[in-house]
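Here's a quick tour of a ligand site and of the empty space inside the protein. Have the viewer open and follow along.

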Amino acid sequence: MIKLEPNKDLSLCSTLACPSTAQCYFELSYKDDIPFVVASTKELGLPLLVLGGGSNLVLTPKINSVVVRNTIKGIEQLSKTDKNVTLRVGAGENWHKFVTWCVAQNYSGLENLALIPGTMGAAPVQNIGAYGVEIATLVTQVNAYDLVEEKFICIPNEECQFRYRDSLFKDHEGRYVITSVELKLNRELKPNLSYGPLKILEQNEHLTVKHIYEAVIAIRTEKLPDPKVIPNAGSFFKNPILSTAQFKGVLELFPDLVHYPAGDQVKLAAGWLIDQAGLKGRVNDQGVGCYEKQALVVVNPKRANGDAILDWAETVKQRVFEHFGVHLEMEPRIWR
Ligand code: EPU
């Protein structure tokens, strides 16, 4: 029997720890329950929002929706050859636990993505990426329930429209309930050491998946706050992408500008921009601010509400625009 829970407190449901209440809530453990949840949601005339680990979300105080927490579990092996293994992973599996399991099996591909908070189902939504690897390069297929067509569908990688921190699922928020993700991993180590601080590992002649995994954990622990200790949502802004012409204009004024090639465009380091605009370690009267060790991370030590977070985000955007003439875009999604 499907029953939605009214007035659910969500303050423990996002890594920013914003106090928030959902009009209705449901914990989804079995994909076959989805059609019933959808029918109940329709009867109430409310939108449906899917919650994973809540690590890329700003929750405002009142969410007038049915919030479905996806806890669908399971890791299935679909195929295995000498070189590769293909796995189907339930959307509710914890991301880092899954990465750790892969490393224990000696499967290579996800080691650069260790310690990212959140769930498997959230990973393709924002095409998580770190240290030179994006999940888009490993996903073969995403399985989901389409709330528009009202049926289960399989979306192959080519149709997921993966881009830097974006995808089909982020474009059409509220349309797809991701049930599982299929990934193809390597059974031999395929190291990606392109990111500066990992380069030193090139000297290790006996490099293993676990060495990279441990190095990534060390780098992240050093720079990024643990959300259980200081609530945060990882990088709060995307690294802005400029045309070559725009970039040249900014570079003339700021010759030290940190930048990376991005196809025929140029990507700037948002953390550097915020830092140079003088906001690193600065907080507002509600304690919301930019982390002292990595300006790109907005921290919420006093568990202020989502409106306070959005106010701070506006302050940061304005200051960076005044200073550099560059627009920053938020990475987390906002639920109202
Ligand atoms: N920088 C500063 N001051 C700061 C922060 C950064 O000067 O306060 C400079 C750094 O010195 C460096 C550059 O900015 O030269 C880039 O910083 P970093 O290498 O720390 O990476 P990032 O661009 O800030 C991105 C991702 C992270 C990912 C890392 C590593 C985005 C928005 N962020 O951060 O992803 O872990 O690269 O690959 O793309 C996340 O999305 O939640 C996340 C943590």
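What follows goes through the ligand's surroundings, then the cavity search.

## Who sits around the ligand

Keep in mind that this is a predicted model. The ligand has 23 residues around it, and the ones that come nearest are Tyr131, Tyr164, Tyr195, Asp275 and Gln294. By type, the shell splits into eleven nonpolar, six polar and six charged residues.

Where do those residues come from? Domain 2 (75–223) and domain 3 (232–335) each give at least three residues to the shell. Going by elements, β8 (129–130), α4 (209–223), β13 (232–235) and α6 (270–276) each chip in at least two. The largest share belongs to α6, with three residues.

## Polar contacts and cover

Three side chains are worth clicking on here. Tyr195, one of the residues that come nearest, has a polar side-chain atom 2.5 Å from an oxygen atom of the ligand. For Arg165, a polar side-chain atom lies 2.9 Å from a ligand oxygen, and for Glu331 the distance to a ligand oxygen is 3.1 Å. On its own, the ligand has 830 Å² of accessible area, and the protein covers 81% of that.

## The cavity

How many cavities of 30 Å³ or more does a search of the whole structure find? Just one turns up, and the largest cavity has a volume of about 40 Å³.

Its lining is made up of Leu28, Ile34, Val37, Val38, Leu48, Val68 and Val177. That's seven nonpolar residues, with no polar and no charged ones. Helix α1 (residues 34–44) brings the largest share of this lining, three residues.

Definitions and conventions:
Residues numbered from 1 in each chain as written. Predicted model: local features only at pLDDT ≥ 70, side-chain atom pairs only at ≥ 80, totals over all residues. Heavy atoms only, no water. Near = heavy atom within 4 Å. Polar contact = N/O pair within 3.5 Å; in protein donor to acceptor, adjacent residues only side chain to side chain. Areas by Shrake-Rupley, 256 points an atom, 1.4 Å probe, with all protein chains shown as cover. Helix = DSSP H or I, 4+ residues; strand = E, 2+ residues; numbered from the N terminus. Nonpolar A, V, L, I, M, F, W, Y, C, P; charged D, E, K, R; others polar. Domains from an automatic or database assignment. 1 Å grid on protein atoms, 1.4 Å probe; cavity = no way out; pocket = protein on both sides within 12 Å on 5 of 7 lines; lining within 4 Å. Points joined across faces, edges and corners; volume = space filled by probe spheres on them.
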